[in-house]
Amino acid sequence: MAPPRLAPPELTDELVERVLLHIPPTDPAGLLRAALVRKRWGRLIFSRRFRSRFTATSTAGTPWWVSSATSRTPTARTCPASSPPTPSPSGPPRADLRGWRALDARHGRVLLRDLVWGPYLDVWDPFTGDRRPLTATPPIQDRWSWNAAVLCAQYDACDHLVCRGGPFLVVVLGAVDANSMSVCFYSSDTARWSTPRRLARLPEHGIDVVPPVLIGNALYFGIDLSRSILKYDLNTRKPSLIHQPHGSFAHFSVIMAMGNERLRVARLVGSKLFLSSMLAGPHGETAWSPDRVIELNDLLPVCALPVSSDFVGYAQGFQVFFVGTNDGLYSYERYSGVVKKVCDGTGIHGVVPYITLYIPGSYSHSHMVYDLSELNVSVNNMEYGGYSISLRAAFTSSEASDGASSGA
């Protein structure tokens with residue numbers, strides 16, 4: 001009589017996670033099916049550790065949910081960049097924010113600026129609709145030459161998975177007088193602005209209103225009509241000046257991050273997008289190395305031309321550029337070469353990409369939403385949360401018409 005066959009050993013949590021991490025982010029149904037195989041697998045998939053690891057790998061691929069938050073004068077409006085036939089209940093709601101402009105987006109938050117009544121700021125969560133007004137205006141002198149960034153209060157000690165409703169910081173770079181730039185901080189914990197700290201001489205052409213970039217513990221602001229970049233270390237509170245690549249002055253540039261250390265710049269000249277990477281010399285000096293030139297006329301449809309030279313947007317981690325055209329706003333995925341029309345409308349002057357991992361709260365009853373056309377998965381019950389990775393773009397337009405095909 002043959003001996004009884006022994007059951008194979010149980011896979012460790014680490015091995016199960018390694019297998020699950022191979023599920024492509026473009027196949028949320030696969031992740032959903034895996035979560036329903038066994039309770040243990042479901043707990044692993046919706047654990048904080050796995051969410052962190054999966055988010056890190058998924059940002060290298062195609063986002064699960066793509067939408068746009070339009071910021072116009074005088075109306076800020078949200079709309080999807082891809083138009084699914086049936087919106088999912090777990091997707092971000094539409095919004096109509098009259099008189100506001102998006103300045104920055106990071107760690108699940110969007111920073112809004114009031115364009116009607118003065119330099120008032122709100123921190124907005126597009127998924128929940130929650131808006132947290134700052135209790136006072138920033139202590140700046142020039143209400144036009146300034147820029148701001150929003151970030152988690154624990155920017156250097158948080159995985160930013162579930163901090164979207166927690167404490168935050170707002171950092172403002174502005175003019176403290178006619179000759180000097182200064183920086184000041186707003187903390188949601190104290191609801192107060194810090195005393196402005198003088199950094200450097202105010203450049204001739206002021207401070208560029210383009211989304212700042214956070215790399216490591218430093219924020220990078222564009223200044224002087226794309227001539228320079230101001231680096232501000234949040235830990236040491238020390239500034240440093242970086243000159244942009246030759247020929248950048250007066251051409252719109254966007255600052256990009258390469259990993260956690262290197263800096264890259266893309267500048268738009270006519271219909272060409274010039275990409276350059278910053279290199280560090282042996283004695284600490286900086287130099288720029290040309291990477292690539294992208295001819296947008298060869299990628300966009302004829303009806304979209306010409307390309308607007310007012311701005312170029314970039315979604316960190318997704319390698320997606322946004323450009324304005326005569327036919328509306330278009331996105332270009334650098335590695336795949338895919339070009340998509342985001343929305344109709346002309347007069348667009350800026351793009352603020354918004355990327356977040358949304359985890360809905362638990363419910364007392366179980367229900368499941370799965371919409372393959374939208375590539376969005378949400379599983380909610382008493383034990384697990386839900387997934388929805390979102391890439392959104394906020395753009396500023398001088399027109400208030402209803403030309404956005406994806407509008408409310």
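Colleague: Why is Cys163 called buried?

Modeller: Happy to walk through that, and keep in mind that this is a predicted model. Cys163 has a relative accessible area of 11%. Buried means under 20%, so Cys163 earns the word with its 11%.

Colleague: And what makes Cys158 partly exposed?

Modeller: Here the relative accessible area is 25%. Partly exposed lies between the 20% cut-off for buried and the 50% cut-off for exposed, so Cys158, at 25%, falls into that class.

Colleague: How do you know that Cys158 and Cys163 are not bonded through their sulfurs?

Modeller: Good one to check with numbers! The closest cysteine sulfur to that of Cys158 is in Cys163, 3.9 Å away. A disulfide needs two cysteine sulfur atoms within 2.5 Å, so this pair is too far apart for a bond. Cys163 is in no disulfide either, as its nearest cysteine sulfur, in Cys152, is 3.9 Å away. By this rule, the model has zero disulfides.

Colleague: Let's turn to the second largest pocket. Which residues are closest to its centre?

Modeller: This pocket has a volume of about 310 Å³. Its lining is made of 21 residues, and those closest to the centre are Val209, Val210, Phe252, Asp310 and His349. Strand 4 (100–106), strand 21 (307–315) and strand 25 (348–357) each give two or more residues to the lining. Strand 25 gives the most, with four.

Colleague: How many residues of each class are in that lining?

Modeller: There are 12 nonpolar, six polar and three charged residues. Val and Phe count as nonpolar and Asp as charged, so Val209, Val210 and Phe252 are nonpolar, whereas Asp310 is charged.

Notes:
Residues numbered from 1 in each chain as written. Predicted model: local features only at pLDDT ≥ 70, side-chain atom pairs only at ≥ 80, totals over all residues. Heavy atoms only, no water. 1 Å grid on protein atoms, 1.4 Å probe; cavity = no way out; pocket = protein on both sides within 12 Å on 5 of 7 lines; lining within 4 Å. Points joined across faces, edges and corners; volume = space filled by probe spheres on them. Buried < 20%, exposed > 50% of the residue type's maximum accessible area, 1.4 Å probe, protein only.
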